[in-house]
Amino acid sequence: MFDEDLEPHKKKTYSDNLAINLEPLSVEELRAYKEALKGEIKRVEEDIIRKQSYNDAAASIFKS
């Protein structure tokens, strides 16, 4: 058995995936990255709305 197997695993957060090193990026690259993130935020917001409508529809069935 390895020692790593005994240590608790650190749960990754979504922000861990977004944390990139910004230092080597130029201003233009940072702007492009910012726009890409805005696009991703829009996509997430649309998915939240879609899933919430499914939840609302399911809840209305069970309330009837």
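How many residues apart are glutamate 35 and lysine 38 in helix α3, and what does that spacing amount to? They are three residues apart, which means that about one helical turn separates them. This is a predicted model.

**Charge pairs in helix α3**

The structure holds six salt bridges. Three of them are set out below.

| Pair | Closest N to O | Spacing in helix α3 |
|---|---|---|
| Arginine 31 and glutamate 28 | 2.9 Å | three residues |
| Glutamate 35 and lysine 38 | 3.4 Å | three residues |
| Aspartate 47 and lysine 51 | 3.3 Å | four residues |

Side chains of opposite charge can pair when their charged atoms come close. The cut-off for a salt bridge here is 4 Å, from a side-chain nitrogen of Lys or Arg to a carboxyl oxygen of Asp or Glu.

Take glutamate 28 and arginine 31. Their side chains meet in a salt bridge, at 2.9 Å from N to O. About one helical turn lies between the two residues. Glutamate 28 is exposed, with a relative accessible area of 54%. The mark for exposed is over 50%.

Next along the helix come glutamate 35 and lysine 38, three residues apart. Their closest N and O atoms are 3.4 Å apart. Glutamate 35 is partly exposed, at 48% relative accessibility. Lysine 38 is partly exposed too, at 43%.

**A shared network**

Aspartate 47 and lysine 51 form a salt bridge, with 3.3 Å between the closest N and O atoms. Here the spacing is four residues in helix α3, again about one helical turn. Aspartate 47 is partly exposed, with a relative accessible area of 27%. Lysine 51 is also partly exposed, at 45%. This pair does not stand alone: salt bridges with shared partners join Asp47, Arg50 and Lys51 into one network.

**A nonpolar surface patch**

Which residues form a nonpolar patch on the surface? The members are Ile20, Leu22 and Leu30. Together they have about 230 Å² of accessible area.

Where does isoleucine 20 lie? Its place is the loop between α2 (14-18) and α3 (27-63). Isoleucine 20 is partly exposed, with a relative accessible area of 41%. A patch takes residues with over 30% relative accessible area and no salt bridge. At 41%, isoleucine 20 therefore clears the area cut-off.

Technical notes
Residues numbered from 1 in each chain as written. Predicted model: local features only at pLDDT ≥ 70, side-chain atom pairs only at ≥ 80, totals over all residues. Heavy atoms only, no water. Patch = residues over 30% accessible without salt bridge, like charges linked within 9 Å, V, L, I, M, F, W, Y side chains within 5 Å. Areas by Shrake-Rupley, 256 points an atom, 1.4 Å probe, with all protein chains shown as cover. Buried < 20%, exposed > 50% of the residue type's maximum accessible area, 1.4 Å probe, protein only.
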